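This report covers an enclosed space, annotated spans and a few loop residues of one chain. Please view the sequence and model first.

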Amino acid sequence: METYFIILLAYLIGSIPFALIVGKLKYGADVRNFGSGNLGASNSALVLGKKAGILVLLGDVSKGVLAVSLPVIFSIEVNPVYIGVAVILGHCFPVFANFRGGKAVATTAGVLITINPILFLSGYSTFFLVIFITKYVFFGSLSIGIALTVHSIFIGSFELMLLFTLFSLFMVYLHRSNITNYICGKEVKITDKRIKKYQEQIKEELSEEIIKS
């Protein structure tokens, strides 16, 4: 019973929509109506600016850290991997935001930093390297699961290999719109000059929404 309680609590922590909270309290806007509609740090930074993006990033990472610390806080023996899965699902499908959440990159980072820093370094060094090479954030996000799967194979952990293979497929599902945009030539690189024009357009739409509200 205690195990189910911890897992449910982890899911609820993951469901806290920091992007929605920051957008509403600080800017009076729902970020789900702009950009990709994603409740994550990247879309928050694009829609609301870098400061908002950093606030959301810190909030989403902290969800992962807090959730996998619950067994220690409550002195209950639970596999932290299960807790990590619960908080990530909460972030992606938050009960407090009509099950429309983020894409798990920041919250997964918080989970891995806490339960296995080496896995974190493996996955997120690959994340930044792939973004640096390709200039596409979604490629970096997809590479996390692949890197973690390969890492699991090298350390000989079949359980982790299976888990991270499923995680990789889950990341593909979460980024299906980015993949479609890339195939259609619509996905924007981080160096693309169109980003500034896009941000200006969003700011105008954002201002209109604030005035209406």
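## Cavity and its lining

The count comes to 1 cavity of 30 Å³ or more. A cavity here is a set of points, on a 1 Å grid over the protein atoms alone, where a 1.4 Å probe fits but cannot get out, and lining residues have an atom within 4 Å of a point. A volume is the space filled by probe spheres set on the points, which are joined across faces, edges and corners. This is a predicted model, in which local features need pLDDT of at least 70 and side-chain atom pairs count only at pLDDT 80 or more, while totals for chains, interfaces and linings use all residues. Residues are numbered from 1 along each chain as its sequence is written, and side-chain values use heavy atoms, with hydrogens and water left out.

The largest cavity holds about 50 Å³ of space. Its lining has 13 residues, and Ile 16, Pro 17, Leu 39, Lys 63 and His 91 lie nearest the centre. Helices H2 (18-27) and H4 (50-73) each supply at least two residues of this lining; helices are DSSP runs of H or I, at least four residues, and strands are runs of E, at least two, numbered from the N terminus. By class, the lining residues are 6 nonpolar, 5 polar and 2 charged. Nonpolar covers Ala, Val, Leu, Ile, Met, Phe, Trp, Tyr, Cys and Pro, charged covers Asp, Glu, Lys and Arg, and the others, Gly among them, are polar.

## Annotated spans

An unreviewed UniProt entry places "transmembrane region" at residues 6-23, 52-74, 80-99, 111-133 and 153-174; such annotations may be inferred rather than shown by experiment. Residues 6-23 are 83% helix and 0% strand, with end C-alpha atoms 29 Å apart. For residues 111-133 the values are 96% helix, 0% strand and 26 Å.

## Loop residues

Buried means under 20% relative accessible area, exposed over 50%, and partly exposed in between (1.4 Å probe, protein chains only).

| Residue | Loop | Relative accessibility |
|---|---|---|
| Asn 38 | H2 to H3 (41-48) | 11%, buried |
| Ser 75 | H4 to H5 (80-92) | 69%, exposed |
| Ala 104 | H5 to H6 (105-115) | 1%, buried |

Ser 75 has a positive phi of about 55° although it is not a glycine, and phi of Ala 104 is near 75°. Asn 38 touches Val 31, Asn 43, Gly 101, Gly 102 and Lys 103, not counting residues up to four places away in sequence; contact means heavy atoms within 4.5 Å.

## Confidence

Mean pLDDT, the predictor's confidence from 0 to 100, is 89 for the chain, and 90% of residues reach 70 or more. Helix H11 (residues 194-212) has the lowest mean among the elements, 63, and helix H7 (residues 117-134) the highest, 96. Where pLDDT is low, the predicted coordinates should not be read in detail.

Key: 1 Å grid on protein atoms, 1.4 Å probe; cavity = no way out; pocket = protein on both sides within 12 Å on 5 of 7 lines; lining within 4 Å.
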